[in-house]
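Dear colleague,

Please find below the structure that I am handing over to you. My notes on what was found in it follow directly after.

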Amino acid sequence: MAEPVNPLSVADAADLRRLARVSVSTIAAAQDASGAYPAAVGFTPYGFSWFRDGAFIAEGMSRAGAVESATAFHDWCARVLSREAPTVSALVARVSAGSQPADGELLPARYTLAGERHDDDWWNYQVDGYGTWLWALRAHLTRWGLPVEPYAPAAETAVRYLVAVGARTCRDWWEEHRDQTHVSTLASVYGGLRAAEALGVLAPEASRAASDIAELVTRSGTFEGALRKWLGSTAVDASLVVAGVPFELYSPSGSVMAATVARVESELTTPGGGVHRYVADTFYGGGQWPILAAFLGWHHAVMGSRGRATELLRWIASTADSSGWLPEQMPPVLAPDVLPEWLERWGPSARPLLWSHGMYLVLATELGVTPEPTATH
């Protein structure tokens, strides 16, 4: 991971708007004809579409006014879930009977761009993406006054799946720690279930399951007043910020989120820099992630701390290369001795990462930074 080629640490408003425009065009150019967003461009391991990454990318595009692009992604998700409906029905019946299906029998976190399952030796069981999709779907439909009816069957499938398995152990956002129950995953599921309830999709079932998750986290999900990385852990993870904004498992202004954000700021950030995932991170050496800077900035923007939010937006901009492409992560790293192993395995880390561009758009629009119009000739 090299230092940024095109630092914008003192970017003016025009620079920030230009990067927003580059983000929209980069995402649009990478979007598959199916509507799927690949996780990255030119980085083979990320040539799939994750429900989680894609939902946040779609949220950024929706906020930026790229309505057709975001709608196409939601249409893709709906088609995938429609095909998976018989599988979900069978899984719900098995879980209700007390069975625990194997990971390979559960819905995957990622699909090919054509919307098909892909069997390989890379673990693929996470549930957060289905909750995140429901949340992003509701945000998009509400923002643009679009009807829920075309998506209702797929949303029902997602809700039935999350009611059955949404609070069980699975891998987290980072595809790690299979045998733990992760609080950021629970927050994602909670946010999706509340979104489904608001859309009138299996509202009673969604409401009950969301309440159960809230009770579980209240009972077992905090340590010294802040959210835990997983139940039983004493560590913090930067992804926990989403439990306030946007998923509202806890009030962003309440004591739990205040304590959680304070730990993230003190343990996982560097002065004038970005945000690490967690202290023990070794993936690509454990760098700082633009997406996490955007989530933290989003929280501060909602809370009225626009100065801190803008500082984080500018840091994200500083990671852009000369093409305006944003990376997955940047130095400094927490575990430099491990970095060569990843470089040998996969080469340089992903750039452009579409999730980074999507989250840049989320934070930028939250702060009133809209994409600079493309020049006409």
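The largest cavity in this predicted model has a volume of about 40 Å³. By the rule applied, one cavity of 30 Å³ or more is counted. Its lining is made up of D172, W173, W174, H182, S184, K229, D237 and S239. Sorted by class, the residues lining the largest cavity are two nonpolar, three polar and three charged.

Turning to the open spaces, the largest pocket holds about 470 Å³. It is lined by 23 residues, and those closest to its centre are Y46, W122, W174, E175 and F283. Two elements, α2 (51–63) and α11 (339–346), give two or more residues to this lining, and the largest share, three residues, comes from α11. The lining of the largest pocket has 14 nonpolar residues, eight charged residues and one polar residue. W174 thus appears in two places, as it lines the largest cavity and is also among the residues closest to the centre of the largest pocket.

The second largest pocket contains about 300 Å³ of space. Of its 14 lining residues, W135, R138, A139, P246 and E248 lie nearest the centre. At least two residues of this lining are supplied by each of α2, α4 and α6, with α4 giving the most, five residues. By class, the second largest pocket is lined by six nonpolar, six charged and two polar residues.

As to the interior, the largest nonpolar core comprises 125 residues, among which Y46, W133 and Y161 touch the most other members. Helix α3 (residues 67–96) contributes the largest share of this core, 10 residues. Leaving aside residues up to four places away in sequence, Y46 is in contact with P38, A39, A40, W122, F283, E328, A350 and L353. Two of these contacts, W122 and F283, are listed with Y46 among the residues closest to the centre of the largest pocket.

Y161, another of the core residues named above, is one of the buried residues of α5. This helix is mostly covered, with 10 of its 14 residues buried. Including Y161, the buried set also holds A152, T157, L162 and V165. The buried residues of α5 pack against α3, α4 (128–144), α6 (183–199) and α7 (203–220). The length of α5 (residues 152–165) is as expected, because 14 residues at 1.5 Å a residue should span 20 Å and the end C-alpha atoms are 20 Å apart.

With kind regards

Methods:
Residues numbered from 1 in each chain as written. Predicted model: local features only at pLDDT ≥ 70, side-chain atom pairs only at ≥ 80, totals over all residues. Heavy atoms only, no water. Core = buried A, V, L, I, M, F, W, Y, C linked by side-chain atoms within 4.5 Å. Buried < 20%, exposed > 50% of the residue type's maximum accessible area, 1.4 Å probe, protein only. Helix = DSSP H or I, 4+ residues; strand = E, 2+ residues; numbered from the N terminus. Contact = heavy atoms within 4.5 Å. 1 Å grid on protein atoms, 1.4 Å probe; cavity = no way out; pocket = protein on both sides within 12 Å on 5 of 7 lines; lining within 4 Å. Points joined across faces, edges and corners; volume = space filled by probe spheres on them. Nonpolar A, V, L, I, M, F, W, Y, C, P; charged D, E, K, R; others polar. Expected span 1.5 Å × (residues − 1).
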